[in-house]
Amino acid sequence: MRALVVEDEAQIAAEISAHLTQAGYVVETVADGEEAWSRAGTEDFDGIILDLGLPRLDGLSVVRQLRAAGVTTPILVLTARGTWTERVAGIDAGADDYLPKPFQPEELVARLGAIIRRSTGHTTPTLEAGPLRVDTRRMITTVNGAPVSLSLLEFRALRYLIHNKGRPVSQFELGEHVYGADQEPGSNALEVLIARLRKKIGGELIETQRGYGYLIRG
Ligand code: CA
């Protein structure tokens, strides 16, 4: 899963980023509304965390512009404490949920996970495909009930594929959601990663779509 964090206070941005990374997300951070609008309007993110008070373009305008442009990425807005008008305005503009500052990072992670799941029709944090179960909240993977130990990159790849089960995911798209923009994986890094995953969860669960990418069947 790939998340965009839009927050102009560097310390808060770093804290959010650290918690999301720990929770298995690839995180990109920007510090102003203009850049948020340009990145979120052109790149593929699974969820956006958006502070409302931002330089250059305020958060509410970012939400409005994105929705007007047809971008449906789930958005969690961060609002000032006690200002119910901001919360209402955020939801009215098209945000999916809000969280007043200050907040517990664990709550932010849980809420972001929930709006991403809802946006794709998953109602629980545990995703299943055949004998495979991925508990996205606790980051626990089991096959036929037996726990499997995965690295962070393996978990990211498996979660993205099972989240999109039934839909073939291209190598490019999967790479984008597994490696951060600042990472330069080698050309066959993804193949090696998938090979390692198959060794751990069983070879038949992840299908290769020749010349395209990978698929977990629904
Ligand atoms: Ca701010």
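**Close-up views of a predicted protein model**

Residues 24 or more positions apart account for 59% of the contacts in the protein with a separation of 6 or more, where contact means heavy atoms within 4.5 Å. This is a predicted model, in which local features need pLDDT of at least 70 and side-chain atom pairs count only at pLDDT 80 or more, while totals for chains, interfaces and linings use all residues. Residues are numbered from 1 along each chain as its sequence is written, and side-chain values use heavy atoms, with hydrogens and water left out.

**View 1. The whole protein, with its eight helices and twelve strands.** Helices (H or I, at least four residues) and strands (E, at least two) are DSSP runs, numbered from the N terminus. Taken along the principal axes, the box filled by the C-alpha atoms is roughly 50 × 35 × 30 Å. The radius of gyration of the protein is 18 Å, which agrees with the value near 17 Å for a compact globule of 218 residues; this radius is taken over C-alpha atoms, and the globule rule is 2.2 Å times the number of residues to the power 0.38. Of the 218 residues, 49% count as buried, a term that means under 20% relative accessible area, with exposed meaning over 50% and partly exposed in between (1.4 Å probe, protein chains only). About 10,500 Å² of the protein is exposed, and carbon and sulfur atoms supply 50% of this area, as computed by the Shrake-Rupley method with a 1.4 Å probe.

**View 2. The calcium ion and its donor residues, Asp8, Asp51 and Gly53.** The calcium ion is coordinated by OD of Asp8, OD of Asp51 and O of Gly53, at 2.1 to 2.4 Å. Donors are N, O and S atoms within 2.8 Å of the metal (3.2 Å for Na, K and Ca), and sites may look incomplete because water is not among the atoms. Along the sequence, the spacing of the donor residues is D-x42-D-x1-G. Asp51 is buried, at a relative accessible area of 6%, whereas Gly53 is partly exposed, at 45%.

**View 3. Arg39 in helix α2 (residues 33–42).** With a relative accessible area of 17%, Arg39 counts as buried. Apart from its neighbours within four places in sequence, Arg39 is in contact with Arg2, Leu4, Glu28, Val30 and Phe45.

**View 4. Helix α7 (residues 171–178) and its surroundings.** The buried residues in helix α7 are Glu173, Leu174, Gly175, His177 and Val178. Their cover includes the strands β1 (2–6), β2 (26–30), β10 (169–170) and β12 (213–215), together with the helices α6 (152–163) and α8 (189–201).

**View 5. Leu193 in helix α8.** Leu193 is buried, with a relative accessibility of 1%. Not counting residues up to four places away in sequence, Leu193 touches Leu153, Glu154, Ala157, Val178 and Tyr179. Leu112, by contrast, lies 81 residues from Leu193 in sequence and 26 Å from Leu193 in space, C-alpha to C-alpha.

**View 6. Strand β5 at Pro100, and the loop that holds Pro102.** Pro100 counts as partly exposed, at 28% relative accessibility, and, leaving out residues up to four places away in sequence, touches Thr79, Ala80 and Arg81. Although Pro100 and Arg81 are 19 residues apart along the chain, their C-alpha atoms are separated by 5.0 Å. In the loop between β5 (97–100) and α5 (105–119) lies Pro102, which is joined to Lys101 by a cis peptide bond with omega of about -5°.

**View 7. Two residues with positive phi, Met139 and Asn144.** Most residues other than glycine have a negative phi, and most peptide bonds are trans. Met139, whose phi is near 55°, lies in the loop between β7 (132–135) and β8 (140–143) and counts as partly exposed at 27% relative accessibility. Asn144, whose phi is near 50°, lies in the loop between β8 and β9 (146–148) and counts as exposed at 67% relative accessibility.

**View 8. Glu204 in the loop between α8 and β11 (207–209).** Glu204 is exposed, with a relative accessibility of 61%. Glu204 and Ala157 are 47 residues apart in sequence, and the distance between them in space is 16 Å, C-alpha to C-alpha.
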